[in-house]
Amino acid sequence: MDITFLGTGGAWGVPEVNCDCLICREMRRKGEKRERTSILLKNQTTLLIDCGPDARAQLSRHGKGTIDGVLITHEHSDHYIGLDELFAYKRNCPRGSFEPIPVYLTPHTHKVVRRRFEYLEEMEVIRVCPIEPGRWFQAGEFQVLPFDTFHGSFAKGSVGFVIRFRDLSGREVRMAYTSDFSEIPDPPKVLFNPEYLVIQAFWLNEPMENRPSHMSFQRGLDFIELLKPGRETFLVHMGDADMVAGDPANTALKKYEPKSPLRPPSGGEPYPVPLNQAQWQETVHRIISDRNLPYKVTVSHDDLMVRV
Ligand SMILES: [Zn+2]
Ligand SMILES: [Zn+2]
């Protein structure tokens with residue numbers, strides 16, 4: 001099974017349009033980018049999780065073949081506005097052989113998505129499959145359990161997914177996929193001790209004001225310790241909203257002071273805010289090893305492909 005990280009950025013991607021902060025500057029200098037977060041699971045079945053505004057570019061790179069299903073986490077544009085790109089799978093299918101692509105979403109998310117994409121249903125590009133938190137469903141070879149995630153009152157249909165599949169050795173494993181969230185109100189038992197965890201790290205440090213309800217790496221650490229992923233954790237949906245010492249762009253609306261920035265357990269200065277991919281991975285390694293945590297945490301990046 002291949003997991004491809006198509007995009008790993010927050011709602012507006014990084015570097016962000018019209019942003020000259022030190023993080024965006026450094027990323028431009030290094031030619032790094034994070035498109036909107038979306039992943040592709042590929043074995044006999046190909047499953048796409050979220051389909052944002054970068055879907056065209058992402059699927060051009062990694063979406064050759066068929067898509068057997070799309071899971072949508074919630075009704076925010078960065079997670080569904082690319083659904084029209086699925087038209088290409090119908091257009092390029094031999095005449096008469098196309099089956100509408102199942103799109104799995106909660107009824108609330110569907111209400112929002114339908115306003116924009118009802119024609120995709122009418123033209124049989126997609127087939128809507130309503131899902132319900134707490135109820136397993138089958139998408140090709142994948143068994144999927146949606147569970148409620150809290151992502152503020154402006155995202156009522158927000159869910160994460162426990163996805164069960166067989167790894168390379170034929171063993172049944174679980175991946176816990178969380179998208180934008182700040183709490184998991186009623187975590188199902190099967191969410192604990194997964195082999196893999198995908199979790200957002202919108203900031204390194206928890207900001208003074210957590211709006212609009214996202215997960216920082218700092219708080220994410222609590223979830224990693226709670227859920228105890230056995231093999232590997234991947235950070236996604238990363239942004240540029242941490243304040244960086246001495247950055248004139250710290251006055252921007254999106255930049256909040258950290259509440260109490262991460263520091264080594266022995267005390268001392270906070271960990272510097274990472275500006276690029278290598279610094280992110282190094283910082284995460286340091287934090288994990290300074291705390292003696294037994295977890296492998298990978299800072300994902302666009303086009304990262306992991307075979308499991
Ligand atoms: Zn988002
Ligand atoms: Zn969102």
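**Entry 1: Ile81**

I take helices (H or I, at least four residues) and strands (E, at least two) as DSSP runs, numbered from the N terminus. The model I am reading is predicted. On this numbering I found Ile81 in the loop between H3 and H4. I then looked up its accessibility: with a relative value of 27%, Ile81 counts as partly exposed, because that class runs from 20% to 50%. Leaving aside neighbours within four places in sequence, I listed Cys51, Gly52, Pro53, Arg116 and Phe117 as the contacts of Ile81. I also checked Ile81 against Asp50: the two are 31 residues apart in sequence, and their C-alpha atoms are 9.1 Å apart in space.

**Entry 2: the zinc ion (ligand 1)**

I next asked which protein atoms coordinate the zinc ion (ligand 1). I noted OD of Asp78, NE2 of His79, OD of Asp180 and NE2 of His237, at 2.1 to 2.2 Å from the ion. Along the sequence, I recorded the spacing of these donor residues as D-H-x100-D-x56-H. The angles among the four donor atoms run from 84 to 161°, and I entered the site as irregular. A tetrahedral label would require all angles to lie between 85 and 135 degrees, so the range of 84 to 161° rules it out.

I looked up the burial of two donors. Asp78 has a relative accessibility of 8% and counts as buried. His79, at 0%, is buried as well.

**Entry 3: the zinc ion (ligand 2)**

For the zinc ion (ligand 2) I found four donors at 2.2 to 2.3 Å, namely NE2 of His74, ND1 of His76, NE2 of His151 and OD of Asp180. I wrote their sequence spacing as H-x1-H-x74-H-x28-D. The donor atoms subtend angles of 93 to 169° around the zinc ion (ligand 2), so I call this arrangement irregular.

Where do His76 and Asp180 lie along the chain? I placed His76 in the loop between strand S4 (69–71) and helix H3 (77–80), and Asp180 in the loop between strand S10 (172–177) and strand S11 (196–200). The pair therefore ties together parts that are 104 residues apart in sequence. I found His76 buried at 14% relative accessibility, and Asp180 buried at 2%.

I then compared the donor lists of the two sites. Asp180 coordinates both zinc ions, which are 3.5 Å apart.

**Entry 4: pockets**

I turned to the open space in the model. The largest pocket holds about 490 Å³. Its lining has 21 residues, and I noted Gly63, Gly65, Thr66, Ala88 and Tyr89 as the closest to the pocket centre. Helix H2 (55–62), helix H4 (87–91) and strand S5 (101–105) each give two or more residues to this lining. The largest share, four residues, comes from H2. By residue class, I recorded the lining of the largest pocket as 10 nonpolar, six polar and five charged.

The second largest pocket has a volume of about 250 Å³. I noted 17 lining residues, of which Trp12, Phe202, Pro212, Ala241 and Lys254 are the closest to its centre. I recorded the lining of this second pocket as 10 nonpolar, three polar and four charged.

**Entry 5: helix H6**

I asked how many residues of helix H6 (residues 217–227) are buried. The count is eight of 11, so I describe H6 as largely enclosed by the rest of the structure. The buried residues of H6 are Phe217, Gln218, Arg219, Gly220, Leu221, Phe223, Ile224 and Leu227. I traced their packing partners to S11, S12, H7 and strand S13 (297–299). Just after H6, I noted a positive phi of about 55° at Lys228.

**Entry 6: Leu262**

I located Leu262 in the loop between strand S12 (232–236) and helix H7 (277–290). Is Leu262 buried or exposed? Its relative accessibility is 2%, so it counts as buried. Not counting residues up to four places away in sequence, I listed its contacts as Leu204, Asn205, Phe217, Gln218, Leu221, Pro270, Tyr271, Ile287 and Arg291. Among these, Phe217, Gln218 and Leu221 are buried residues of H6. I also looked up Leu262 against Ile224: they are 38 residues apart in sequence and 16 Å apart in space, C-alpha to C-alpha.

Technical notes. Residues numbered from 1 in each chain as written. Chains lettered and ligands numbered in written order. Predicted model: local features only at pLDDT ≥ 70, side-chain atom pairs only at ≥ 80, totals over all residues. Heavy atoms only, no water. Donors = N, O, S within 2.8 Å, 3.2 Å for Na, K, Ca; no water. Tetrahedral: all angles 85-135°; square planar, octahedral: opposite > 155°, others 65-115°. Buried < 20%, exposed > 50% of the residue type's maximum accessible area, 1.4 Å probe, protein only. 1 Å grid on protein atoms, 1.4 Å probe; cavity = no way out; pocket = protein on both sides within 12 Å on 5 of 7 lines; lining within 4 Å. Points joined across faces, edges and corners; volume = space filled by probe spheres on them. Nonpolar A, V, L, I, M, F, W, Y, C, P; charged D, E, K, R; others polar. Contact = heavy atoms within 4.5 Å.
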